[in-house]
Amino acid sequence: MKKIEAIIKPFKLDDVRESLSDIGIMGMTVTEVRGFGRQKGHTELYRGAEYMVDFLPKVKMEIIVPDEIVEQCIETIIETAQTGKIGDGKIFVYDVERVIRIRTGEENEEAL
């Protein structure tokens with residue numbers, strides 16, 4: 001099993017969630033996060049004063065999937081979240097050793 005973490009633009013969340021649902025992804029964890037990369041930040045004007053916004057709002061999606069569909073999930077996220085502009089985000093893939101559903105005690109892929 002693998003954990004896929006995707007950092008994407010917030011306005012792309014619903015589209016990505018729907019696309020993943022279409023390929024059979026049943027659940028995910030979503031967190032509102034802030035950060036920066038090459039996009040850096042930007043300057044905003046508030047009450048006549050300029051100030052730097054260093055951390056931009058993003059959304060972090062976390063899903064655990066069987067090894068067989070990892071590539072399909074990654075491709076789906078890229079196709080759906082990509083705008084072609086700086087700041088589209090990143091995808092990280094990690095090995096998952098064990099998953100346990102607390103309610104039933106089911107483990108690994110049965111627990112997904």
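This section describes the fold, the sheet and its helices, the pockets, and selected residues of a predicted model.

The protein chain comprises 2 helices and 6 strands. Read from the N terminus, these elements follow the order β-α-β-β-β-β-α-β. Of the 112 residues in the chain, 31% are buried. Among contacts with a sequence separation of 6 or more, 70% are made by residues 24 or more positions apart.

An open sheet of 4 strands is present, in the order E2-E5-E1-E6, with antiparallel pairing. Strands E2 and E6 occupy the edges, and each has a single partner strand, so one side of each lacks a neighbour in the sheet. From one strand to the next, the twist averages 20°. The pairing can be followed strand by strand. Strand E2 and strand E5 run antiparallel and are joined by 7 bridges; within this pair, Thr 31 has Lys 60 of E5 as its bridge partner. Strand E1, which spans residues 2–8, pairs with E5 in the antiparallel sense, again over 7 bridges. Lys 60 of E5 is also the bridge partner of Ile 7. Lys 60 is thus named as the E5 partner both of Ile 7 and of Thr 31. The pairing of E1 with E6 is antiparallel and extends over 7 bridges, and in E6 the residue bridged to Ala 6 is Ile 91.

Two helices are placed against these strands. Helix H1, formed by residues 13–22, packs on the sheet and touches E1, E2 and E5; the direction of H1 makes an angle of about 10° with that of E5. Helix H2, formed by residues 70–81, lies across E1, E5 and E6 and runs at about 5° to E1. Strand E5 thus appears in the descriptions of both H1 and H2. In E5, 7 of the 10 residues are buried, so this strand is largely enclosed by the rest of the structure.

Pro 57 belongs to strand E5. Leaving aside residues up to four places away in sequence, Pro 57 touches Pro 10, Val 33 and Arg 34. The C-alpha atom of Pro 57 is separated by 7.3 Å from that of Glu 32, although the two residues are 25 residues apart along the chain.

The analysis then turned to pockets. The largest pocket has a volume of about 350 Å³. Its lining consists of 15 residues, and those that lie nearest the centre are Phe 36, Gly 37, Arg 38, Gly 89 and Lys 90. Two or more residues are given to this lining by each of strand E2 (29–35), strand E5 (56–65) and strand E6 (89–95). The greatest contribution to the lining of the largest pocket is that of E2, with 3 residues. By class, the lining of the largest pocket divides into 5 nonpolar, 5 polar and 5 charged residues.

The second largest pocket has a volume of about 250 Å³. It is likewise lined by 15 residues, of which Gly 27, Met 28, Ile 63, Ile 64 and Leu 112 are the closest to its centre. Strand E5 gives the most to the lining of the second largest pocket, with 4 residues. This lining contains 10 nonpolar, 3 polar and 2 charged residues, whereas in the lining of the largest pocket each of these classes has 5.

Two residues outside the strands were also examined. Glu 68 is located in the loop between E5 and H2. With a relative accessible area of 64%, Glu 68 lies over the 50% cut-off and is therefore classed as exposed. The C-alpha atoms of Glu 68 and Met 1 are separated by 8.5 Å, and the two residues are 67 residues apart along the chain. Asn 108 is placed in the segment after E6. Its relative accessible area is 28%, so Asn 108 counts as partly exposed. The phi angle of Asn 108 is near 55°, a positive value in a residue other than glycine. Most residues other than glycine have a negative phi.

Notes: Residues numbered from 1 in each chain as written. Predicted model: local features only at pLDDT ≥ 70, side-chain atom pairs only at ≥ 80, totals over all residues. Heavy atoms only, no water. 1 Å grid on protein atoms, 1.4 Å probe; cavity = no way out; pocket = protein on both sides within 12 Å on 5 of 7 lines; lining within 4 Å. Points joined across faces, edges and corners; volume = space filled by probe spheres on them. Nonpolar A, V, L, I, M, F, W, Y, C, P; charged D, E, K, R; others polar. Buried < 20%, exposed > 50% of the residue type's maximum accessible area, 1.4 Å probe, protein only. Pairing = 2+ DSSP bridges. Axes fitted to C-alpha atoms, helices over the stretch in contact; angles between N-to-C directions. Contact = heavy atoms within 4.5 Å.
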